Each structure stands twice: as C-alpha cells, then as structure tokens.
Amino acid sequence: MTPEEYNYSKFVMDREQPVIQAFPENSVRPGTRAPSFELEDLDSGDTVEMKELWRDGLVVIEFGSFT
Amino acid sequence: MARRYADRAVRSVFLYTREAHPGEDYRHHATMDEKRHHARAFKEHNDIRRRILVDDVEGTVHRAYGMLPNMTWIIGSGGVVYYRAAWTDVHDLKGALDETLDGLERRGSEPLAPFVSEKLAWRVRDMEAFRRQLAVAGPQAVSDFFGPSEGD
C-alpha cells in the first residue's frame, strides 16, 4: 500500500468493508505481544517508542483522527 | 475516564491516524506537517487532555494494528495485549479495563491463568451526531458517506 493509497482523498465504503471483515485476522491478537514502532509526541515533537508506553503498567491506546 | 484510571497506574493515549473521512476543510495528509496540523485542530476542537501521539504519514502503526478508524487496545507490561476492540466504546472499554486490572491484582494471591475470550459487542449508533462530526471536515465528507443528496 502506497502512502497515497493509505491517505485516500475520498471515503469509499466498499473499500472499508474488507478492512472491517479482516480485522480479527489482520490485527494483533489478545494474548500475543504488541509490536512496537516509533511515534511522534504532538506537543513535544519527541520520538516515542511504543514499548515505553506499556513498560510500567497498562496503557489504553485509542486510534482515531479528527474526521 | 482517563483521569479516573490514572490513579490505578493506567496510561491513556490517543494515536492519530489518517483522516477517515476527509473533506474540503480537513483533507487527506500528504505531509507530516499536515497530519500534525490536523491533530492539533482535533485536540483543540475536542478539548483532548490525553497525550496525543502521531503515526507517520505511511500509517505504519495503524496498518500493523488493523487499520480501522477508531480501534482501542489495552496493552500491559512486556507488550501483552489484554484487549482489542474494533470500535471504541466507553462502556465496553471500562468493563475490559476493570477485568484486566482485577485479574492482574488477584493473580498475586490466587492461582490464575489467562485465556483468550472473544465476543461481539454492541454500540449505540447516533447517525445525526455522526453527520455533524463529518460536517466538520466539509460537505464532501458528508456526501461521501451519506450520498450526494444527503450532503447538499
């Protein structure tokens, strides 16, 4: 998937449905280890390793956007 | 909710992804600066107090975790995934968080073993609220979802 395909300019339900249906198989399963990637802190601009979020306890991670 | 559970050493973060419903006022991201700009607007508009972490423009994290627009996860020490939800629902999340915390606390004194349990949950679908939310992005976001006549 190219960045342009990921960042589509128009929402299309027919494109979203397969993603919804694939979620149980195509995402990280409970009981397994979560993959860690780098993210950017919006306020500080610092790079954050995801594994730092769960190093000291539980973290709730909500995904989303303005739209 | 985030503040209530902060007393129990639970962090809460918001992970900013691609725009799910781009429109004239909040278009799709072509650069990281655009993504940051939208994330700041989201934070201000919704008075978000949680820490916001921004994924890269390629959506590396979002794609790895299933690419749905409003997922929620509970992850613990060592990266163990305790909960995944295809949609964020406060009631469902609260139940999962209470169960996870309860198990982690009790396992110190009881012979507990973890197991995976799956279910189909329900959420309230408020289409009028959703329409208002889409309108923030612009008329295109409304018409792309509801159809052209609905977006006029």
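What share of the contacts in chain B with a separation of 6 or more do residues 24 or more positions apart account for? The share is 47%, where two residues are in contact if their C-beta atoms, placed from the backbone, lie within 7 Å. Before you start clicking, note that this is a predicted model, in which local features need pLDDT of at least 70, side-chain atom pairs count only at pLDDT 80 or more, and totals for chains, interfaces and linings use all residues. Residues are numbered from 1 along each chain as its sequence is written, while chains are lettered from A and ligands numbered from 1 in the order in which they are written.

**Stop 1: chain B as a whole**

Select chain B and show it as a cartoon. You will find seven helices and four strands; these are DSSP runs numbered from the N terminus, with helices being H or I of at least four residues and strands E of at least two. Followed from the N terminus, the order of elements is α-β-α-β-α-β-β-α-α-α-α. Along the principal axes, the C-alpha atoms of chain B fill a box of roughly 60 × 30 × 25 Å. Of its 152 residues, 32% count as buried. Here, buried is 20 or more other C-beta atoms within 10 Å of a residue's own, exposed is 12 or fewer, and partly exposed is in between, with C-beta atoms placed from the backbone.

**Stop 2: strand β1 of chain B**

Now select residues 10–16 of chain B, which form strand β1(B). Five of the seven residues here are buried. On to its partners: two strands pair if DSSP finds at least two bridges between them. Strand β2 of chain B (residues 51–54) runs parallel to β1(B) and is joined to it by four bridges. Pick Phe14(B) and you can find its bridge partner, Ile52(B), in β2(B). Between β1(B) and β2(B) the chain passes through helix α2(B) (residues 32–46), making a right-handed β-α-β crossover; that is, with the strands pointing away from the viewer, the path from the first strand over the helix to the second runs clockwise.

**Stop 3: across to chain A**

Add residues 58–64 of chain A, strand β3(A), which is parallel to β1(B) and joined to it by seven bridges. Label two of the pairs: Val60(A) stands opposite Ser12(B), and Ile61(A) has Val13(B) as its bridge partner.

Widen the selection to the whole contact, and it takes 42 residues from chain A and 71 residues from chain B. On the side of chain A that touches chain B, β3(A) gives the largest share, seven residues. Colour that side by class and you get 24 nonpolar, 11 polar and seven charged residues (nonpolar: Ala, Val, Leu, Ile, Met, Phe, Trp, Tyr, Cys and Pro; charged: Asp, Glu, Lys and Arg; polar: the others, Gly among them).

**Stop 4: Phe66 of chain A**

Which residues does Phe66(A), in the segment after β3(A), touch beyond its neighbours within four places in sequence? They are Glu19(B), Tyr26(B), His38(B), Ala41(B) and Phe42(B). Phe66(A) counts as buried because 22 other C-beta atoms lie within 10 Å.

**Stop 5: helix α4 of chain B**

Finish with residues 90–106 of chain B, helix α4(B). Show Leu93(B), Ala96(B) and Leu97(B), the buried residues of this helix. They pack against β3 of chain A, and against α1 (2–6), β1, β3 (72–75) and β4 (81–85) of chain B. Then turn to the other side of α4(B), where His91(B), Asp98(B), Asp102(B), Glu105(B) and Arg106(B) are exposed.

Conventions:
Expected span 1.5 Å × (residues − 1).
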